[in-house]
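This briefing walks through selected features of the structure shown below, grouped by topic for reading alongside the sequence.

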Amino acid sequence: MVVYVCSKLRGNIEEYQEKARQYCKQVVAENNIPIAPHIYFTQFMDDNNVEDRIKALEMNKTLITICDCLYVYGEKSSGMKYEIDFAASIGKPIYYKDEI
């Protein structure tokens with residue numbers, strides 16, 4: 001199963017990216033494939049740049065479409081809510097997981 005990892009990025013980016021890496025490890029431990037764009041996109045896009053953020057959120061919608069489900073970790077940010085709402089609108093299963 002391909003799992004979209006939905007967790008915070010805004011704020012302490014380094015801390016949240018480390019948490020996302022741990023979430024991805026959990027997904028792999030379940031024999032699934034993690035998709036965590038907030039680890040990947042930040043290598044060449046700036047979340048603090050409005051244009052980059054909008055582009056990233058739109059690209060995330062495409063990734064959510066190809067994933068089997070969403071795993072949601074931790075307190076919801078505005079970006080997470082956007083992703084969760086989109087996933088729900090297209091009928092993707094959404095699972096709430098324990099935060100690290």
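Helices, of at least four residues, and strands, of at least two, are DSSP runs that are numbered from the N terminus. With that numbering, Asn32 is found in the loop between helix H1 (13-29) and strand S2 (33-35). The model is a predicted one, and the points below cover its aromatic pairs, the packing of two helices, and several loop and strand residues.

**Aromatic pairs and their surroundings**

- A search of the whole structure finds six aromatic pairs, and one of these joins Tyr40 and Phe41, whose ring centres are 5.6 Å apart and whose planes stand at 50 degrees, so the pair is tilted.
- The two partners in that tilted pair are placed in opposite ways with regard to solvent accessibility, since Tyr40 is exposed at a relative accessible area of 52%, whereas Phe41 has 10% relative accessibility and counts as buried.
- For Tyr71 and Tyr73, the ring centres are 6.4 Å apart and the planes are at 65 degrees; planes over 60 degrees apart count as edge-to-face, and so the pair is assigned to that class.
- Both Tyr71 and Tyr73 are buried, and together with Tyr23 and Tyr95 they form one aromatic cluster.
- Tyr71 also has a charged residue at its ring, as Lys97 lies over the face of Tyr71 at 4.3 Å from the ring centre.

**The loop between H1 and S2**

- Asn32 has a relative accessibility of 11%; buried means under 20%, and therefore Asn32 counts as buried.
- When residues up to four places away in sequence are not counted, Asn32 touches Met1, Val3, Val27 and Tyr71, and the last of these is a member of the aromatic cluster that also includes Tyr23, Tyr73 and Tyr95.
- Asn31 lies in the loop between H1 and S2 as well, but Asn31 is exposed, with a relative accessible area of 71%.
- Most residues other than glycine have a negative phi. Asn31, although it is not a glycine, has a positive phi of about 65 degrees.

**Packing of H3 against H4**

- Helix H3 (residues 50-66) and helix H4 (residues 78-89) pack with their axes 10 Å apart and at an angle of about 35 degrees, and the crossing of H3 and H4 is right-handed.
- On the H3 side the contact is made by Arg53, Leu57, Glu58, Asn60, Lys61, Ile64 and Thr65, while H4 brings Ser78, Gly79, Tyr82, Glu83, Phe86 and Ala87 to the contact.
- Sorted by class, the residues in the contact of H3 with H4 comprise five nonpolar, four polar and four charged ones.

**Cys67 and Leu70**

- Cys67 has its place in the loop between H3 and strand S3 (69-73), and at 1% relative accessibility Cys67 counts as buried.
- Leaving aside neighbours within four places in sequence, Cys67 is in contact with Val2, Val3, Tyr4, Ile35 and Lys92.
- Cys67 and Ala87 are 20 residues apart along the chain, and their C-alpha atoms are separated by 9.7 Å; Ala87 is also one of the H4 residues that make the contact with H3.
- Leu70 has its place in strand S3 and is buried, with a relative accessible area of 1%.
- Not counting residues up to four places away in sequence, Leu70 touches Tyr4, Cys6, Ile64, Glu83, Ile84, Ala87, Pro93, Ile94 and Tyr95, and among these Ile64, Glu83 and Ala87 also take part in the contact of H3 with H4.
- Leu70 and Asp98 are 28 residues apart in sequence, and the distance from C-alpha to C-alpha is 13 Å.

**Two exposed glycines in loops**

- Gly11 is found in the loop between strand S1 (2-6) and H1, and Gly11 is exposed, with a relative accessible area of 68%.
- The C-alpha atoms of Gly11 and Met59 are separated by 21 Å, and these two residues are 48 residues apart along the chain.
- Gly91 lies in the loop between H4 and strand S4 (94-97), and with a relative accessibility of 57% Gly91 counts as exposed.
- Gly91 and Cys69 are 22 residues apart along the chain, and their C-alpha atoms are separated by 9.2 Å.

Terms used. Residues numbered from 1 in each chain as written. Predicted model: local features only at pLDDT ≥ 70, side-chain atom pairs only at ≥ 80, totals over all residues. Heavy atoms only, no water. Phe/Tyr/Trp six-rings, centres within 6.5 Å; stacked < 30°, edge-to-face > 60°. Buried < 20%, exposed > 50% of the residue type's maximum accessible area, 1.4 Å probe, protein only. Lys NZ or Arg CZ within 6 Å of the ring centre and 35° of its normal. Contact = heavy atoms within 4.5 Å. Axes fitted to C-alpha atoms, helices over the stretch in contact; angles between N-to-C directions. Left-handed = near helix turned anticlockwise from the far one by under 90°. Nonpolar A, V, L, I, M, F, W, Y, C, P; charged D, E, K, R; others polar.
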